[in-house]
Amino acid sequence: MVSEPEKELRFTRSGQAVGFAVLGAIWIGAAVTLLATGMYRGDHPELPHPLWALPCLGLASGCFWLTRHLAKHAYLILTPLGLEIFPFFFPSKNLRLVLWQEMFSVEISEDEKWLTLHFNEEKSSGLHLSLKPIDRKFRSLLAKAMLGRVSRRNA
């Protein structure tokens, strides 16, 4: 949305991507195991057919595609206008932009797993966002940027 992307801070779902990369590696291991046991199928007919490796390879490629997609595309973007939130399903269609003027205060949980945006002084309306999809080492950067921006606006 911003014509100057150098003024943005992008946070991807890289924390979720790691899990799918591990799952893809497990499916690759299953496929290799099925292919390797196929050599002994003549002596042991009860072993599974090596063609069962194909569904495993398909699932592995799906996991690796999802890993790339999660690591590449944004989950949260801090722009000069506000905070852009991209949901997991249909992110371009269901994008939510929260303007800085709408935010009264911001809270980050102690363990940096939750971000709460308050829209009024009573803290009765707002948004509650999970930070679990973001890699752990980038959560403190997001917290510092959000708290700094909102406190500067309220000062």
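Is F88 buried, partly exposed or exposed? I looked this up first and found F88 partly exposed, because its relative accessible area is 37%, and I use buried for under 20% relative accessible area, exposed for over 50% and partly exposed for what lies in between, computed with a 1.4 Å probe on protein chains only.

**Ground rules for these notes**

I am reading a predicted model, in which local features need pLDDT of at least 70 and side-chain atom pairs count only at pLDDT 80 or more, while totals for chains, interfaces and linings use all residues. Residues are numbered from 1 along each chain as its sequence is written, and side-chain values use heavy atoms, with hydrogens and water left out.

**Entry on the F88 to K93 stretch**

I searched for aromatic pairs, taking rings of Phe, Tyr and Trp (its six-membered ring) as paired if their centres lie within 6.5 Å, and calling planes under 30 degrees apart stacked, over 60 edge-to-face and the rest tilted. By this rule I noted 1 aromatic pair. The rings of F88 and F89 have centres 5.0 Å apart and planes at 85°, so I recorded the pair as edge-to-face. F89 is exposed, because its relative accessible area is 59%.

I then turned to F90, which is placed in the loop between β3 and β4 and counts as exposed at 57% relative accessibility. K93 lies over the face of F90, at 5.6 Å from the ring centre; the rule here asks for NZ of Lys or CZ of Arg within 6 Å of the ring centre and within 35 degrees of the ring normal. The phi of F90 is near 50°, a positive value in a residue other than glycine. Most residues other than glycine have a negative phi.

I found another such case at E112, whose phi is positive at about 55° although E112 is not a glycine. E112 lies in the loop between β5 (105–108) and β6 (114–118) and counts as partly exposed at 25% relative accessibility.

**Entry on the helices**

Helices (H or I, at least four residues) and strands (E, at least two) are DSSP runs, numbered from the N terminus. I checked the length of helix α1 (residues 14–37), where the expected span is 1.5 Å times one less than the number of residues. The 24 residues of α1 should span 34 Å, and the end C-alpha atoms are 35 Å apart, which agrees.

Which residues of α1 are buried? I listed S14, A17, G24, A31 and L34, and what covers them includes β1 (9–12) and α2 (53–72). I looked closer at S14, which is buried with a relative accessible area of 17%. Leaving aside residues up to four places away in sequence, S14 touches L70, P133 and D135, where contact means heavy atoms within 4.5 Å.

In helix α2 I picked out S61, which counts as partly exposed at 44% relative accessibility. S61 and I28 are 33 residues apart in sequence, yet their C-alpha atoms are 8.8 Å apart in space.

**Entry on the four-strand sheet**

Strands of a sheet pair through backbone hydrogen bonds, either parallel or antiparallel. I count two strands as paired if DSSP finds at least two bridges between them. One open sheet has 4 strands in the order β1-β2-β3-β4, with antiparallel pairing. At its edges stand β1 and β4 (96–99), each with a single partner strand, so one side of each is left without a neighbour in the sheet.

I followed the pairs along the sheet: β1 and β2 are joined over 4 bridges, with T12 opposite A74 in β2. From β2 to β3 there are 3 bridges, L76 having I85 as its bridge partner in β3, and a hairpin joins these strands through 3 residues. Strand β3 (residues 82–85) and β4 pair over 4 bridges, and L83 stands opposite V98 in β4. For strand β2 (residues 74–78) I noted that 5 of the 5 residues are buried, so it is largely enclosed by the rest of the structure.

**Entry on the three-strand sheet**

I also traced an open sheet of 3 strands, ordered β5-β6-β7 with antiparallel pairing. Its edges are β5 and β7 (126–130), each with a single partner strand, so one side of each is left without a neighbour in the sheet. I found 4 bridges joining β5 to β6, and in β6 the bridge partner of I108 is L115.
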